[in-house]
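Biologist: Please take me through one part of this structure closely, starting with the largest pocket and what lines it. After that, carry on to whatever else helps a newcomer find the way around.

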Amino acid sequence: ATITWDTTKPAISRLAWGLSPEYELGTLSEAVPKKTHITNIENLSPNTTYFFELEARDALGLKTGVTRMQWKTLSLPDTAPPANVSNLIARTQDDAISLDWNNPADSDFDFVRIVRSTRFYPRDPQDGQVVYEERGERARDHNVVAGQTYYYTAFARDTDGNYSSGAVVSARIVGEGGVLLPPELP
């Protein structure tokens, strides 16, 4: 934390801080009187309330003021991704591929984005065509053709925008009468 304060006259200041009004964590004192004061306190914990006391003394050493306050440090940003969806299954139908899964139990879970490709499993949430982006646990991909293999990756996203590593599944619709058609050549 960087703490700055001004005094009306040149003063020598002492800053004490702690987790309680006992100011048990440290004290910093200045050696030269000045009007504008600045100090840095390092190694503070995130999302923690600290108490501090500022004491100012004039050039003769007489106490000119005491200020007692408290502040709370900021929380660290959430960079932890949510868990992947579980039990991801692809079922083929005559004209669609149905996808089912279970959403992660993370308290900050936001939605699932399912991305597909005809080449290989999408590596990230932007790698391929988005076929689903909601909070549910079921999707149907109608834009499919028989004989083509489709690779799907389901990415869970949390409310801070972090995506999971992705769960994968692939499927291919067979031709009429259950005959498996050869894959299309590019």
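Modeller: The largest pocket in this predicted model holds about 220 Å³ of space. Its lining is made up of 19 residues, and those closest to its centre are W5, D6, T7, A56 and G65. Three elements each give two or more residues to this lining: β1 (2-18), β4 (49-57) and β5 (63-72). Of these, β1 gives the most, with 10 residues. By residue class, the lining of the largest pocket divides into 9 nonpolar, 7 polar and 3 charged residues.

Next, the aromatic rings. Ring pairs join Y50, F52 and W71 into a cluster. Over the whole structure, a search finds 6 aromatic pairs. One of them is formed by W101 and Y132, with 5.2 Å from centre to centre and 70 degrees between the planes, an edge-to-face arrangement. This pair links distant parts of the chain: W101 belongs to strand β7 (residues 97-102) and Y132 to strand β9 (residues 129-134), 31 residues apart. W101 counts as buried because its relative accessibility is 3%, and the cut-off for buried is under 20%. Y132, with a relative accessible area of 10%, is therefore buried too.

Strand β9, which holds Y132, leads on to a sheet. Four strands form this open sheet, in the order β9-β8-β11-β12, with antiparallel pairing. Its edge strands are β9 and β12, each of which pairs on one side only. From one strand to the next the twist averages 20 degrees.

Inside the sheet, strand β8 (residues 109-117) and β11 run antiparallel and are joined by 8 bridges. In this pairing, F109 stands opposite D158 of β11. On to the other neighbour: strand β11 (residues 149-158) also pairs with β12 in the antiparallel sense, over 6 bridges. Here Y151 has S170 of β12 as its bridge partner.

Strand β12 (residues 167-172) also deserves a look at its side chains, which alternate along the strand. In a regular strand, side chains alternate between the two faces of the sheet. A167, V169 and A171 point to one face and are buried. V168, S170 and R172 point to the other face and are not buried. S170, the bridge partner of Y151, thus belongs to the set that is not buried.

Terms used
Residues numbered from 1 in each chain as written. Predicted model: local features only at pLDDT ≥ 70, side-chain atom pairs only at ≥ 80, totals over all residues. Heavy atoms only, no water. Phe/Tyr/Trp six-rings, centres within 6.5 Å; stacked < 30°, edge-to-face > 60°. Buried < 20%, exposed > 50% of the residue type's maximum accessible area, 1.4 Å probe, protein only. Pairing = 2+ DSSP bridges. 1 Å grid on protein atoms, 1.4 Å probe; cavity = no way out; pocket = protein on both sides within 12 Å on 5 of 7 lines; lining within 4 Å. Points joined across faces, edges and corners; volume = space filled by probe spheres on them. Nonpolar A, V, L, I, M, F, W, Y, C, P; charged D, E, K, R; others polar. Axes fitted to C-alpha atoms, helices over the stretch in contact; angles between N-to-C directions.
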